[in-house]
Amino acid sequence: MCNDTIKDFIRERVARDIREERVSGGVVTRFPPEPNGYLHIGHAKSICLNFGIAEEFGGITYLRFDDTNPLSESESYVLAIQKDVRWLGFDWESRLTFASDYFPQLYEFAEELIKRGKAFVCDLSFEELQQSRGSLVEPGTVSPYRNREVEENLDLFRRMRGGEFPTGSKTLRAKIDMHAANINMRDPVLYRIIHAPHHRTDSNWCIYPMYDFTHCICDALEGVTHSLCTLEFADHRPLYDWVLENININFHPPQIEFSRLGLEYNVMSKRMLSQLVEKRYVSGWDDPRMPTLSGLRKRGVPPAAIRDFCNRVGVTKQNNNIETELLDFCIRNTLERTTRRAMAVKQPLAIEITNFEGDDLLLEAPWHPKNEELGVRTFTFGRTIYIDRDDFAMSPPPKFRRLVLGGLVRLRYAFIIECLDVESDEHGTVTKVFAKYFPSSKSGSDTSGLKPKGVIQFVAANNALNAKIHDYYRLFDVPTPRREQFEQEINPDSHVVHHGFVEKAVCSVSDSPSFQFERLGYYFSSPDDSPTQEHLVFHRTVPLSQGWKPKG
RNA sequence: UGGGGUGUGGCCAAGCGGUAAGGCAACGGGCUUUGAACCCGUCAUUCGCAGGUUCGAAUCCUGCCACCCCAGCCA
């Protein structure tokens, strides 16, 4: 974690507001997700910002669901989102709210607007409204219903609420300016008719308020001192302010925008993410390749790593596309000190130790090379052992420091071996290696005087447990997948499964699902995976950083 | 041809008129029974471009250029 005091333009603003006594009752922020999808790492940036600021300045944060559209929202998302926020490490305590909690008040404010002649009921169809809105360069045209009397508007609006009109047949619109350069100000829709049950209010309502009308009022009612949102809402700020200025409400939060998080080789749009799920490119919202919080969790990414990441990327208004290396760094950095080491082979290659006779030897190694508190584990060495295919080469590339025919290598925490011979199949693929070991070279008490160039991990046949090892790679082939063709840019090799072995000792650990398989990476045994008799299951959280790449 | 936002090294990002922080990546070296971790060191004469103001500009002014967002009864 970086311990430096975080500083960005929003925190500076908050600090200044406090200093100049503009926030009398303490800082209040909110995280306002719509329950129509799962949270992703971009949301984490917003969560860390909102909850982080409240923590730092002694304030409070609401978790408020922006549930004004019953057509796309549901209870299951509400639950999933709460789980993710909690997992990330934040607590809203008693401050769980829903925009739908405020439907009665919102309705009253709408009537107030009508009574003040600031809103009218419009009968324009969807297409007509779209037509009359104008374009980016042409002003809109005024609705023929704009001049209805207050009484008529009130009557119509009440009947809309009463369920007299079909879905989509009428809207309540703000009376602002059809000539406004900002399209959001061209008499925007405030309420629409939707005859559909809502996950919280069931069928109590058939009219639902729009985001622009709802969000600012909810912020004000909750006393939000700093309403933080992403840049695409900057154009909505004049409307946010207009609504609050035209109703009788005694609080007016400032809206402050920052840029959303971009992560290379990923997509962050809810639409694209749900496409990946629906079209089965991934196994679900929690697929370990997804940038969702549930996906990251399933991959074994610790929440602290995500928080660290969010703090490191900063908060500005610049468009950004963060390299995945930074996230990987944060993950390794938080896992490094506390994660047990173990040995595993992904693609087993058998070695017969020709000069080994009798029962396996019992050996010992620390769970962590530096953190002694983690203690030690035992494992065995015997006549048959497995190493990774990658750690043996008949024709090694330059600077290869592993096992070669006639060469020496150190088996991690065990002995030095020398490769004597190999056995190959008809394709020339090595199927078995014959080697001799040097009894005097035992780790910790080596008197052999031999100096092998490299060290590789191994698992003795008698100490091996079957393991299904999932390796994950980037989901996309390109740094910035394009909305129009992202399906063609999916990396077909983003998921590789190996049937390998891990040392038995991993089963004796119950307090942590994460291991660093030495020289391979950090792996995670997900509690979601149903345990089977045949094999253990591990997901690669992140590979180790590579100091040497084969093939140069 | 409208409105809003942004331009500092490969990716982020400080900088708020006094002579370019930091992180990641990369590269070089040390250490090493994980080619990991760890430790050293290198990495912007220059801040989108062009003018101007000033003793002095990434910071102020003017003009240009580039990129992102906006025409849901989505949020």
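Which side chain does the side chain of Arg 95 join through a polar contact of 3.0 Å? The partner is the side chain of Glu 93, a polar contact being a pair of N or O atoms within 3.5 Å, of which, within protein, one must be able to donate a hydrogen and the other to accept it, while residues adjacent in sequence count only if both atoms are side-chain atoms. The structure is a predicted model, in which local features need pLDDT of at least 70 and side-chain atom pairs count only at pLDDT 80 or more, whereas totals for chains, interfaces and linings use all residues. Residues are numbered from 1 along each chain as its sequence is written, chains are lettered from A and ligands numbered from 1 in the order in which they are written, and side-chain values use heavy atoms, with hydrogens and water left out.

Arg 95 itself is placed in the loop between α3 (75–88) and β3 (96–98), where helices (H or I, at least four residues) and strands (E, at least two) are DSSP runs numbered from the N terminus. With a relative accessibility of 16%, Arg 95 counts as buried; buried means under 20% relative accessible area, exposed over 50%, and partly exposed in between, with a 1.4 Å probe and protein chains only. When residues up to four places away in sequence are not counted, Arg 95 touches Ile 60, Thr 61, Tyr 62 and Leu 63, contact meaning heavy atoms within 4.5 Å. Another loop residue, Asp 202, lies between β6 and β7 (207–209) and is partly exposed, its relative accessible area being 48%. Its C-alpha atom is separated by 9.2 Å from that of Pro 70, although the two residues are 132 residues apart along the chain.

The surroundings of RNA strand B comprise 67 residues, of which Thr 68, Arg 341, Arg 412, Ser 443 and Gln 516 come nearest; a residue is near a molecule or strand if one of its heavy atoms lies within 4 Å of it. These residues divide into 25 nonpolar, 19 polar and 23 charged, where Ala, Val, Leu, Ile, Met, Phe, Trp, Tyr, Cys and Pro count as nonpolar, Asp, Glu, Lys and Arg as charged, and the others, Gly among them, as polar. On the RNA side, 66% of the atoms within 4 Å of the protein belong to sugar or phosphate, and the rest to bases. Single atom pairs illustrate both kinds of partner: a polar backbone atom of Tyr 211 is 3.0 Å from a phosphate oxygen of RNA strand B, while a polar side-chain atom of Glu 323 lies 2.8 Å from a base nitrogen. In addition, an N or O atom in the side chain of Glu 336 is 3.0 Å from a sugar or linking oxygen of the strand. The elements α5 (126–132), β6 (189–193), α11 (303–313) and α12 (324–336) each supply at least two residues of this surface, and the largest share, 4 residues, comes from α12.

Within α11, Pro 303, Ala 305, Ile 306, Asp 308, Phe 309, Cys 310 and Val 313 are buried, and the buried residues of this helix pack against α2 (41–56), α3, α10 (293–299) and α12. The helix is followed by Gly 314, whose phi is positive, near 80 degrees.

A search of the whole structure finds 0 disulfides, a disulfide being a pair of cysteine sulfur atoms within 2.5 Å. Cys 310 is in no disulfide, since the nearest cysteine sulfur, that of Cys 48, is 4.0 Å away, and Cys 310 counts as buried at 6% relative accessibility. For Cys 229, the closest cysteine sulfur belongs to Cys 216 and is 12 Å away, too far for a bond.

Cys 229 also belongs to strand β8 (residues 227–230), from which Ser 227 and Cys 229 point one way and Leu 228 and Thr 230 the other, all of them buried. Strand β8 pairs in the parallel sense with β9 (residues 255–258) over 4 bridges, two strands being paired if DSSP finds at least two bridges between them. An open sheet of 7 strands has mixed pairing and the order β21-β18-β19-β20-β12-β15-β22. Its edges are β21 (455–456) and β22 (459–460), each with a single partner strand, so one side of each is left without a neighbour in the sheet. Inside this order, 5 bridges join β12 (residues 348–353) to β15 (residues 384–388) in the antiparallel sense, and Ala 350 has Tyr 386 as its bridge partner.
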